[in-house]
Amino acid sequence: MKSLSDILLKHPVPGLRQSERRRVCAETISSVLGLTIKASQVSYEDETVSLKVSPVIKSEMHLREAAITDALRGAGVAVKGIR
C-alpha cells in the first residue's frame with residue numbers, strides 16, 4: 001500500500017498554489033498597511049490582487065499601491081494590478 005505522501009507528491013493538491021499566493025499576499029499587504037487582512041479576503045487571478053475589505057481600507061491600499069506592489073514582487077508574487 002502506498003503512503004499518502006507518495007500519492008500527493010505525484011498528484012499535487014489542486015488549489016494549493018493559489019492558496020499559498022493568497023496567504024503571501026495577505027501577509028505582505030498586512031505588513032505594509034499595518035492592518036490585519038485574512039487570506040480569505042484576498043483573491044489572486046491573472047496577476048491581479050483583489051481584496052474584499054471595507055472602502056476605507058481600499059482607499060489606503062490605493063494610496064500605498066506602489067509600496068504594496070514592490071513588496072509583493074519582493075515576496076515572489078507577480079502583480080499587474082490591485083483592486
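**View 1. Alternating side chains along strand β1 of the predicted model.** In strand β1, which spans residues 42–45, the side chains alternate between two faces. Val 42 and Tyr 44 point to one face and are buried, while Ser 43 and Glu 45 point to the other face and are not buried.

**View 2. The antiparallel pairing of β1 with β2.** Strand β2, formed by residues 48–51, runs antiparallel to β1 and is joined to it by 4 bridges. Val 42, one of the buried residues of β1, stands opposite Leu 51 in β2, whereas Glu 45, on the other face of β1, stands opposite Thr 48 in β2. The hairpin of these two strands has 2 residues between them, and Asp 46 takes a positive phi near 55° there.

**View 3. The parallel pairing of β2 with β3.** Strand β3, made up of residues 81–82, runs parallel to β2, and 2 bridges join the two strands. Thr 48, which stands opposite Glu 45 of β1, also has Gly 81 in β3 as a bridge partner.

**View 4. The packing of helices α2 and α4.** Helix α2 (residues 16–33) and helix α4 (residues 65–74) pack with their axes 9 Å apart and at an angle of about 135°, which makes α2 oblique to α4. The crossing of α2 and α4 is right-handed. From α2, the residues Cys 25, Thr 28, Ile 29, Val 32 and Leu 33 meet Ala 67, Ile 68, Ala 71 and Leu 72 of α4. The residues of this contact divide into 8 nonpolar and 1 polar, with no charged residue among them.

Definitions and conventions. Residues are numbered from 1 along each chain as its sequence is written. This is a predicted model: local features need pLDDT of at least 70, side-chain atom pairs count only at pLDDT 80 or more; totals for chains, interfaces and linings use all residues. Side-chain values use heavy atoms; hydrogens and water are left out. Buried means under 20% relative accessible area, exposed over 50%, partly exposed in between (1.4 Å probe, protein chains only). Two strands pair if DSSP finds at least two bridges between them. Axes are lines fitted to C-alpha atoms, for helices over the stretch in contact, and angles run from 0 to 180 degrees between N-to-C directions. Angles under 35 degrees count as roughly parallel, over 145 as roughly antiparallel, 65 to 115 as roughly perpendicular and the rest as oblique. A crossing is left-handed if the near helix is turned anticlockwise from the far one by less than a right angle, and right-handed if clockwise. Contact means heavy atoms within 4.5 Å. Ala, Val, Leu, Ile, Met, Phe, Trp, Tyr, Cys and Pro count as nonpolar, Asp, Glu, Lys and Arg as charged, and the others, Gly among them, as polar.
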